[in-house]
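These entries record what I looked up concerning the internal cavities and the overall dimensions of the chain.

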Amino acid sequence: MTENEIPYKIYLSENEMPESWYNVRADMKNKPAPLLNPATHKPMTAQELGGVFCDELVRQELNDTDREIPIPKEIRDFYKMYRPSPLVRAYCLEKKLGTPAKIYYKFEGNNTSGSHKLNSAIAQAYYAKEQGLKGVTTETGAGQWGTALSMACAYLGLDCKVFMVKCSYEQKPFRREVMRTYGANVTPSPSETTEVGRKMLAEFPGTTGSLGCAISEAVEAAVTHEGYRYVLGSVLSQVLLHQSVIGVEAKTALDKYGIVPDIIIGCAGGGSNLGGLISPFMGEKLRGEHDYRFIAVEPASCPSLTRGVFAYDFCDTGKVCPLAKMYTLGSSFIPSANHAGGLRYHGMSAVLSQLYHDGLMEARSVEQTEVFRAAEFFARTEGILPAPESSHAIKAAIDEAKKCTETGESKTILFGLTGTGYFDMKAYEAYNDGKMQDYIPTDADLKKGIDGIPRFPGNDF
Ligand SMILES: *Cc1c(COP(=O)(O)O)cnc(C)c1O
């Protein structure tokens, strides 16, 4: 196949779409550490997890052995409404950069929620419905996950209660209204509707909330309402599993043209899009079949992989969730205001944390202004207005392409373009007005969060 025959967009037909998710844990020699009960420090049992999560999702969370997990037909049918997502050869970007690198991106913004989160939302809502539940509860920070879940719940006829971090609730009224249009019940967090919320409001009146606190409220709402379970849009291993649809599609499309990427890049908040994108490629690396470079890109303001510690930590501020072993900045860490709402989580997926710890993946952090410079450059060359989160990956991909210009190597780069930035125009406004600032926490700032990580025998860091 000659260069010119590779189209701008590589599509798959419906019958080339994946029928199974790929579970990378099956190929990991060092499995991610199990979730622990925060009171006993013993691994969470399926029964304990079943009080909070749907039964099938608990099975998926605990499944470290099955490589392929079939995607139920109903979910595949839903996927067909907005998938396969295009795999784009960034010819225009390459030309503008004058790089010998070949750049591809997998674009997940082609649905109303505007991001990859719908891939897991539909799966989680489906299993809740299958179990005969009335509804699900969740938190949302920037709003992408809440929007995706409300779409999935509307489709399946499930009730959806979303706790939205108060500052986003106020600053992003459009996201809130999209969710309400799909029938979700949206509550600003912290709220008076839960014990955790009331405690938070009493202790910190005027707080604009945090993702960790909204998680605690959503979990409490699930366990105190008959017929409800809690669902989470990132971090958990089941979410990475669902997001593997991104990687499996990308690999199928690349294989059609015999294209083998050298470097695979994704932004990393809780790790789900990156984990999903790299999964089948990482599988080959783990099985010794092929070597790839994987790069996780995180904001310098919330640098869990690059400056956090690898330890068991709480997943939420209220400390009601199980402990996860992950790279973390501490559950009390609150990143300075930044515009990549989806990348502000204090921890990282246990799967990606283990892979990073074992030297199978790299990580780097980038600052906000340079990310927006890359976003603007990308919008003007490739036409898509990227989400601030996704632009972290764009920045790293451009940097790698520029290195190729210097060395003359023509590496093949694949990156995940997770979503569109239409609801982030406040951030673009700050950038366009020259008012955007870079906040990098000092070591002393980080120490406060890390000091709050629980210490118990075996949790050394
Ligand atoms: C949520 C989100 C992210 C980060 O979440 P991951 O779980 O790390 O993938 C990245 N991009 C967009 C557009 C998002 O909505």
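I began with the second largest cavity of this predicted model, for which I noted a volume of about 80 Å³. I then listed its lining, which consists of Pro299, Ala300, Ser301, Asn338, Ala340, Val366, Glu367, Gln368, His392, Gln437 and Tyr439. By class, I recorded five nonpolar residues, five polar and one charged.

I next looked up how many cavities of 30 Å³ or more the structure holds, and found three. For the largest cavity I entered a volume of about 400 Å³. Its lining comprises 34 residues, and those nearest the centre are Lys117, Trp145, Gly233, Ser234 and Gly342. I sorted the lining of the largest cavity into 20 polar, 10 nonpolar and four charged residues. I also traced which elements supply at least two residues each to this lining: strand S6 (135–140) and the helices H6 (144–156), H10 (211–224), H12 (272–286) and H16 (388–407).

I turned to the chain as a whole and counted 18 helices and 15 strands. Along the principal axes, I found that the C-alpha atoms fill a box of roughly 60 × 50 × 50 Å. I compared the radius of gyration, 21 Å, with the value near 23 Å for a compact globule of 461 residues, and the two agree.

I noted that 63% of the 461 residues are buried. Of the contacts with a separation of 6 or more, I found that 76% join residues 24 or more positions apart. I closed with the accessible surface of the chain, about 17800 Å², of which carbon and sulfur atoms account for 50%.

Key
Residues are numbered from 1 along each chain as its sequence is written. This is a predicted model: local features need pLDDT of at least 70, side-chain atom pairs count only at pLDDT 80 or more; totals for chains, interfaces and linings use all residues. Side-chain values use heavy atoms; hydrogens and water are left out. On a 1 Å grid over the protein atoms alone, a cavity is a set of points where a 1.4 Å probe fits but cannot get out, and a pocket is an open set with protein on both sides within 12 Å along at least five of seven lines; lining residues have an atom within 4 Å of a point. Grid points are joined across faces, edges and corners, and a volume is the space filled by probe spheres set on the points. Helices (H or I, at least four residues) and strands (E, at least two) are DSSP runs, numbered from the N terminus. Ala, Val, Leu, Ile, Met, Phe, Trp, Tyr, Cys and Pro count as nonpolar, Asp, Glu, Lys and Arg as charged, and the others, Gly among them, as polar. The radius of gyration is taken over C-alpha atoms; the globule rule is 2.2 Å times the number of residues to the power 0.38. Buried means under 20% relative accessible area, exposed over 50%, partly exposed in between (1.4 Å probe, protein chains only). Contact means heavy atoms within 4.5 Å. Accessible areas come from the Shrake-Rupley method with a 1.4 Å probe; for residues, only the protein chains shown count as cover.
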